[in-house]
Amino acid sequence: MTDAEWAEVRPLLRGHGLVKEFHDRLRGQVHERLGRDAEPTAGVIDSQSVKADAARSSAPASPKSFGSSRRT
């Protein structure tokens, strides 16, 4: 397949979610060949992101000012 042909086909595949499905199936096959589960079973959450999200949802919406009078 030439680059020009691929450029026409790629948007069609992405529009129907086929690229994601191909990727997911290929990843599953690679995992199985390595002796692992086909589906991912764990994730990583950055603790700072969790704290920031919790603070954002529970803090009142008030503007903060950090003017020149603030000591460092």
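In this predicted model, Arg-27 pairs up with Asp-24 in a salt bridge, with 3.4 Å between the closest N and O atoms. The two residues sit three places apart in helix 2, so about one helical turn separates them. Asp-24 has a second partner as well: Lys-20, this time with the closest N and O atoms 2.8 Å apart. Here the spacing is four residues within helix 2, which again comes to about one helical turn. Put together, Lys-20, Asp-24 and Arg-27 make up a network of salt bridges. Side chains of opposite charge can pair when their charged atoms come close.

How open to the outside are the members of this network? Lys-20 is exposed, at a relative accessible area of 57%. Asp-24 falls in the partly exposed class, with 25% relative accessibility, and Arg-27 is partly exposed too, at 28%. The cut-off for calling a residue buried is under 20% relative accessible area, so Asp-24, at 25%, does not count as buried.

Helix 2 carries another charged pair. Glu-21 forms a salt bridge with Arg-25, and the closest N and O atoms of this pair are 2.7 Å apart. Both residues belong to helix 2 and are four residues apart, about one turn of the helix. Glu-21 is partly exposed, its relative accessible area being 33%, whereas Arg-25 counts as exposed with 54% relative accessibility. The total for the model is three salt bridges.

What about the nonpolar side of things? Leu-26, Val-30 and Leu-34 come together as a nonpolar patch on the surface, and their combined accessible area is about 290 Å². Leu-26 is a residue of helix 2 and is exposed, with a relative accessible area of 52%. Over 50% is what it takes to be called exposed, so Leu-26 makes the cut at 52%.

Val-19 is also part of helix 2. This valine is partly exposed, at a relative accessible area of 33%. Once neighbours within four places in sequence are set aside, Val-19 still has contacts, namely with Leu-13 and Arg-14.

As for the helix that holds these residues, helix 2 covers residues 18-33, 16 residues in total. From its first C-alpha to its last, helix 2 reaches 23 Å, which is close to the 22 Å expected at 1.5 Å a residue. After helix 2 comes Gly-35, and the phi of this glycine is positive, near 80 degrees.

Stepping back to the whole protein chain, the count is three helices and zero strands. Read from the N terminus, the order of elements is α-α-α. How much of the chain is buried? Of the 72 residues in the protein chain, 4% are buried. The accessible surface of the chain adds up to about 7,100 Å², and carbon and sulfur atoms account for 54% of that.

Notes. Residues numbered from 1 in each chain as written. Predicted model: local features only at pLDDT ≥ 70, side-chain atom pairs only at ≥ 80, totals over all residues. Heavy atoms only, no water. Expected span 1.5 Å × (residues − 1). Buried < 20%, exposed > 50% of the residue type's maximum accessible area, 1.4 Å probe, protein only. Areas by Shrake-Rupley, 256 points an atom, 1.4 Å probe, with all protein chains shown as cover. Contact = heavy atoms within 4.5 Å. Patch = residues over 30% accessible without salt bridge, like charges linked within 9 Å, V, L, I, M, F, W, Y side chains within 5 Å. Salt bridge = Lys/Arg side-chain N within 4 Å of Asp/Glu carboxyl O.
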